[in-house]
Structures are given as structure tokens and as C-alpha cells.
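Please open the model in your viewer and keep the selection tool at hand. The tour goes from one selection to the next.

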Amino acid sequence: MKKRIPRIGIGGPVGCGKSMLIERVVPILAKNGYRISIISNDVISKEDADRMRQNLATNQGLLPENLVIGVATGGCPHTAIREDPSINLSVIEEIENEHSDLDLIIIESGGDNITTTFSPALADYFIYIIDVSGGDKYPRKRGLGIETCDLLVINKIDLAPLVDANLDIMERDAKTVRKNKPYVLVNCKTDEGVDIVARHIIEDVLFEQPPKKIITNAK
Ligand SMILES: Nc1nc2c(ncn2[C@@H]2O[C@H](COP(=O)(O)OP(=O)(O)O)[C@@H](O)[C@H]2O)c(=O)[nH]1
Ligand SMILES: [Mg+2]
């Protein structure tokens with residue numbers, strides 16, 4: 001019987017760091033022995049998929065090049081991950097038919113707005129990312145993604161002083177609007193917090209019990 005490979009959906013506004021988070025998390029997962037495929041949705045181009053393939057597959061050899069797949073969705077980004085995820089589901093079907101030994105499929109949404117969510121038919125676990133560059137009013141202003149995701153990532157914390165964003169306020173509001181569901185403050189440039197994202201994936205999606213002492217990106 002065909003194996004159903006666990007799937008993570010990663011959503012968030014344009015430029016918040018979805019691809020970069022994948023580029024920093026996949027090395028940790030690969031070093032810990034997990035075999036991964038990446039599907040990157042974009043509205044028009046396949047630029048982020050090409051960048052991830054070059055970095056993770058060609059340069060680092062962490063996964064085969066044909067397992068980083070770009071999908072140009074054409075229309076509204078959340079349509080392809082929620083209302084009609086058939087384009088992504090057909091890519092997944094091909095992956096499951098040809099690479100049944102994989103542990104995880106990561107699906108990046110095209111950059112969208114704060115109402116993004118993934119259809120449960122597409123993703124088993126939903127990571128939503130915001131970055132601090134819009135100021136500290138999010139997560140307080142809420143939004144479906146921020147409130148309902150399994151893990152909220154607040155990225156680009158290095159930029160907080162430049163935009164007068166108060167990280168304490170963002171943390172306080174994340175706790176309140178998410179009713180204590182998990183969130184992580186991340187800097188994808190330095191890897192701060194990325195190991196915590198990896199740990200959530202290992203424990204909550206791959207159900208590694210007891211949790212491994214994970215190998216990180218640290219040199
Ligand atoms: N300063 C800073 N820049 C970041 C961080 N994460 C991502 N970026 C930059 O943000 C830009 C958009 O990142 P990308 O991953 O392509 O965003 P996506 O559109 O959500 O996939 C790139 O220029 C990244 O280098 C971070 O933690 N700090
Ligand atoms: Mg991207």
C-alpha cells in the first residue's frame with residue numbers, strides 16, 4: 001500500500017522569510033537523518049524553488065534536485081493551498097508513488113495575507129510566519145493564520161530595533177491571541193530560534209519519541 005508522507009504547510013506574507021526558513025530548517029532535519037521533499041508555490045515565477053534547489057540540493061547535497069519542486073499557481077495563493085489544492089495534491093501523489101521512503105514533504109505557500117490557512121487535505125501541520133518589519137502591531141491585530149496555525153514563527157527579529165518593534169509586546173500578544181499555542185522568535189540570518197522550529201517538526205510531525213538530542217546548524 002502507498003505510504004502517506006507527513007506534510008507541513010508554511011504560509012505567510014510576501015517576503016516574510018518562508019523560503020529562508022526552509023533553507024535553514026532543512027539542513028537540521030537532513031543532518032538528523034530525515035529525507036525531505038520541498039514543494040514551493042509561487043504565483044508567477046519559480047524563483048524561490050530554484051534558489052532552494054541550488055542551495056540545498058546542488059550546493060549542499062542535502063536532497064536530490066528533483067525533490068525541490070516549483071509550482072506556479074497562477075491565481076490567488078491561498079486558493080492553491082486551501083480552496084482547490086488539486087495542483088499540489090497531484091505533485092504529492094507523484095512524490096508518494098516514486099519516493100515512498102521520504103519522511104516529510106514541506107509545502108511553501110505563495111506569499112499571501114494574514115487570512116492564509118492550509119486545507120487539512122493538503123497539510124497535517126501548519127507553520128505561519130510573520131516578520132517584525134511591519135512593526136509590533138502583529139500578532140495583536142490577529143488573523144486566521146496567526147491564530148490557528150500549529151506554530152507561529154516571528155521572523156527577522158534582528159530588524160526589530162530598526163523599525164521600533166518591541167519584541168516583548170509581540171511575545172505577550174502572541175501568547176494572548178494564540179491562547180498559549182506555541183510561537184518562536186527567529187532570526188534566519190543567524191539561525192537563532194531555527195533549532196526550536198526543527199524540534200517542533202521532529203516532535204509534533206515526525207513523532208520522534210522520546211525527542212532526539214537534535215544536531216543543529218551550529219559549527
Ligand atoms: N534581516 C533578515 N532578513 C531576512 C530574515 N529572513 C529572511 N530574510 C530576508 O528576507 C527576504 C525574503 O526572504 P524569503 O525567504 O525569500 O521570503 P518569502 O517570500 O517569504 O519566501 C530575503 O532577502 C531574505 O534574505 C531574517 O531573519 N533577518
Ligand atoms: Mg518564498
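What follows is a walk through a predicted model, beginning at its ligands and ending in two loops.

**Stop 1: ligand 1.** Select ligand 1 and look at the protein around it. Ligand 1 sits in the largest pocket. The elements that give two or more residues to its shell are helix 1 (18-31) and helix 2 (47-59). Helix 1 gives the most, with three residues.

**Stop 2: the shell.** Now show the residues that surround ligand 1; there are 17 of them. Gly 15, Lys 18, Met 20, Asp 158 and Cys 188 are the closest. Sorted by class, the shell holds seven charged, five polar and five nonpolar residues.

**Stop 3: polar contacts.** Which side chains place a polar atom 3.0 Å and 3.1 Å from an oxygen atom of ligand 1? Select Ser 19 for the 3.0 Å distance and Glu 108 for the 3.1 Å distance. Then add Lys 189, where an N or O atom of the side chain is 3.4 Å from an oxygen atom of ligand 1. On its own, ligand 1 has 580 Å² of accessible area, and the protein covers 78% of that.

**Stop 4: the magnesium ion.** Select ligand 2, a magnesium ion. Its protein donors are Ser 19 through OG, Asp 48 through OD and Glu 108 through OE, at 1.8 to 2.1 Å from the ion. Along the sequence, these donor residues follow the spacing S-x28-D-x59-E. Asp 48 belongs to helix 2 and Glu 108 to strand 4 (residues 104-108), so this pair ties together parts that are 60 residues apart in sequence. Keep Ser 19 and Glu 108 on screen for a moment: both are donors of the magnesium ion, Ser 19 also has the contact with ligand 1 at 3.0 Å, and Glu 108 has the one at 3.1 Å.

**Stop 5: two backbone details.** Most peptide bonds are trans, and most residues other than glycine have a negative phi. Go to Pro 139, in the loop between strand 5 (125-131) and helix 5 (144-148). The peptide bond leading from Tyr 138 to Pro 139 is cis, with omega near 10°. Finally, select Lys 179, in the loop between helix 6 (167-177) and strand 7 (183-185). Is the phi of Lys 179 positive or negative? The phi of Lys 179 is positive, near 50°, and this residue is not a glycine.

How values were computed:
Residues are numbered from 1 along each chain as its sequence is written. Chains are lettered from A and ligands numbered from 1 in the order in which they are written. This is a predicted model: local features need pLDDT of at least 70, side-chain atom pairs count only at pLDDT 80 or more; totals for chains, interfaces and linings use all residues. Side-chain values use heavy atoms; hydrogens and water are left out. A residue is near a molecule or strand if one of its heavy atoms lies within 4 Å of it. A polar contact is a pair of N or O atoms within 3.5 Å; within protein, one must be able to donate a hydrogen and the other to accept it, and residues adjacent in sequence count only if both atoms are side-chain atoms. Accessible areas come from the Shrake-Rupley method with a 1.4 Å probe; for residues, only the protein chains shown count as cover. On a 1 Å grid over the protein atoms alone, a cavity is a set of points where a 1.4 Å probe fits but cannot get out, and a pocket is an open set with protein on both sides within 12 Å along at least five of seven lines; lining residues have an atom within 4 Å of a point. A molecule sits in a cavity or pocket if more than half of its atoms lie within 2 Å of its grid points. Helices (H or I, at least four residues) and strands (E, at least two) are DSSP runs, numbered from the N terminus. Ala, Val, Leu, Ile, Met, Phe, Trp, Tyr, Cys and Pro count as nonpolar, Asp, Glu, Lys and Arg as charged, and the others, Gly among them, as polar. Donors are N, O and S atoms within 2.8 Å of the metal (3.2 Å for Na, K and Ca); water is not among the atoms, so sites may look incomplete.
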